[in-house]
Amino acid sequence: LLPTLVTTTRRKLLVLATLLAGVGYGTVAVRENLLGAPHLEYLPATLHQLLHPGEVQARLEQQRLAMIAQHDLPRIRATVGRATVDVFTDCHGVAILNGLNLKPRPTLQSVNAVAGDWLEHNAAHLRNDGGPKFLLIAWHSFDLRYPSHTDGPALLAMLELYDFRLEERGYLLLERRESPRSIARTTTLERTANVDEIVELPAGKLGEYRTLSIDVGGTAAGKLRSLAYRPPVLFFLVRDEAGEWYPFRLVAPMARCEFLLDPLCTTNGELRTLFESTTGRRITAFKLHVMRYERGFVATEYRIRLASLHR
């Protein structure tokens with residue numbers, strides 16, 4: 001009786017989920033006018049594809065071969081061989097097109113790593129004895145986030161465990177070291193700050209990386225809103241040594257995990273410099289900003305911790 005009841009319940013839940021998905025699709029279709037005449041023009045072509053799958057397969061094969069030529073990395077392939085590779089941030093397709101032995105981290109792509117636990121698991125994937133031998137990197141910021149905020153703990157693990165090996169067609173290749181790089185860590189600033197307060201930072205020293213963690217709380221209304229909808233958007237503005245301000249986004253659960261603040265690393269070139277030396281653009285101040293209509297969802301005071309890492 002019990003197995004029959006479980007099976008019946010599962011079927012009912014499946015039917016309910018299907019109905020809800022249908023309602024959701026219908027709502028989006030009406031809102032975005034997906035049922036209008038411009039979209040119906042594609043219907044004959046779609047039906048033709050369904051009736052002639054061989055043509056579709058041939059076209060896709062041509063596209064695949066074109067992409068292989070576009071992303072051909074012969075030097076990297078020769079260096080890596082059959083050793084294991086992970087890919088940062090999200091260019092896994094390039095590794096697959098080059099036939100590399102992909103050994104992805106738990107979240108697969110950096111864009112999926114939002115919760116603190118996920119970020120730490122990704123870093124642990126690199127620190128494990130069986131971690132990937134090589135890392136293939138095309139560094140970029142998703143959704144205007146602070147660049148090194150993306151998979152922040154994993155980037156710090158890279159600085160300990162990997163060296164730059166070569167660059168080819170815009171992709172960096174890092175190779176695992178024989179032993180971890182010795183890095184000393186010192187907390188240099190720990191305090192609270194208010195939203196929109198400019199936090200002046202102590203001058204950075206030659207030969208150091210600096211990391212930051214930010215603990216931003218939500219109000220009772222903000223926690224309910226985050227549970228039912230989404231958390232408020234946080235803006236993270238940084239000032240460099242030239243006095244220029246740069247706006248980025250910050251994701252509160254990610255910011256609680258330590259991430260690289262400076263040298264500022266926004267491009268592949270700056271990331272390469274990060275491994276070859278500790279020079280680069282330094283951050284002299286930052287501030288956290290919330291849009292006026294979302295102020296009531298974020299606590300006015302938050303906590304910061306700045307640390308210095310020396311090779």
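**Group meeting talk: a sheet, two helices and two arginines**

Okay, let's start with the whole protein: of its 311 residues, 38% are buried. Before I go on, please keep in mind that this is a predicted model. In terms of building blocks, we have eleven helices and 13 strands. The C-alpha trace spans about 65 × 55 × 50 Å along its principal axes. And here's a number about how the chain folds back on itself: if you take contacts with a separation of 6 or more, 71% of them are between residues 24 or more positions apart.

Now, the sheet. I'd like you to find four strands on your screen, in the order β6-β13-β8-β11. Together they form an open sheet, and the pairing is antiparallel. Which strands sit at the edges? Those are β6, residues 184-194, and β11, residues 259-262, and each of them pairs on one side only. Going from one strand to the next, the twist averages 30°. If you're wondering what holds a sheet together in general, strands pair through backbone hydrogen bonds, and they can do that either parallel or antiparallel.

Let's walk across, pair by pair. How many bridges join β6 to β13? There are ten, with the two strands running antiparallel. One example to click on: Thr 187 has Ala 307 in β13 as its bridge partner.

Next along, β8 and β13 pair over eight bridges, again in the antiparallel sense. Here you can look at Arg 210, which stands opposite Ser 308 in β13. Right beside that, Thr 211 has Ala 307 as its bridge partner in β13. Yes, that's the Ala 307 you just saw as the partner of Thr 187.

Then we reach the other edge. β8, residues 208-215, pairs with β11 over three bridges, also antiparallel. On this side, Thr 211 has Leu 260 as its bridge partner in β11, and Arg 210 has Asp 262. As for β8 itself, seven of its eight residues are buried, so the strand is largely enclosed by the rest of the structure.

So what lies across the sheet? That would be helix α8, residues 152-161, which lies across β8, β11 and β13 and runs at about 75° to β11. Is α8 mostly covered or mostly open? Mostly covered: nine of its ten residues are buried. Among them are Leu 155, Leu 156, Leu 159 and Leu 161, along with Gly 152 and Pro 153 at the start.

α8 also has a helix for company. The axes of α7, residues 116-127, and α8 come within 7 Å and cross at roughly 20°. Angles under 35 degrees count as roughly parallel, and α7 and α8 are therefore roughly parallel to each other. The crossing is right-handed. If you want to see who meets whom, the α7 side includes Leu 119, Ala 123 and Leu 126, and the α8 side includes Ala 154, Ala 157, Met 158 and Leu 161. When you look at that, remember that an α-helix has 3.6 residues a turn, so residues three or four places apart point the same way.

Last stop: two arginines. Arg 225 is in helix α9, residues 220-228. Why does Arg 225 count as buried? Because its relative accessibility is 16%, and buried means under 20%. The side chain of Arg 225 makes a polar contact with the side chain of Glu 294, at 2.9 Å. Beyond its sequence neighbours up to four places away, Arg 225 touches Arg 230, Pro 231, Pro 232, Glu 294 and Phe 297.

The other one is Arg 239, in strand β9, residues 234-240. With a relative accessible area of 18%, Arg 239 is buried. And which glutamate does the side chain of Arg 239 reach in a polar contact? The side chain of Glu 200, at 2.7 Å. Setting aside neighbours within four places in sequence, Arg 239 is also in contact with several other residues, including Glu 244, Trp 245, Arg 282 and Thr 284.

That's my tour. If you open the model later, try starting from Thr 211 in the sheet, with Ala 307 as its partner in β13 and Leu 260 in β11. Thanks, everyone!

Methods
Residues are numbered from 1 along each chain as its sequence is written. This is a predicted model: local features need pLDDT of at least 70, side-chain atom pairs count only at pLDDT 80 or more; totals for chains, interfaces and linings use all residues. Side-chain values use heavy atoms; hydrogens and water are left out. Two strands pair if DSSP finds at least two bridges between them. Axes are lines fitted to C-alpha atoms, for helices over the stretch in contact, and angles run from 0 to 180 degrees between N-to-C directions. Contact means heavy atoms within 4.5 Å. Buried means under 20% relative accessible area, exposed over 50%, partly exposed in between (1.4 Å probe, protein chains only). A polar contact is a pair of N or O atoms within 3.5 Å; within protein, one must be able to donate a hydrogen and the other to accept it, and residues adjacent in sequence count only if both atoms are side-chain atoms. Angles under 35 degrees count as roughly parallel, over 145 as roughly antiparallel, 65 to 115 as roughly perpendicular and the rest as oblique. A crossing is left-handed if the near helix is turned anticlockwise from the far one by less than a right angle, and right-handed if clockwise.
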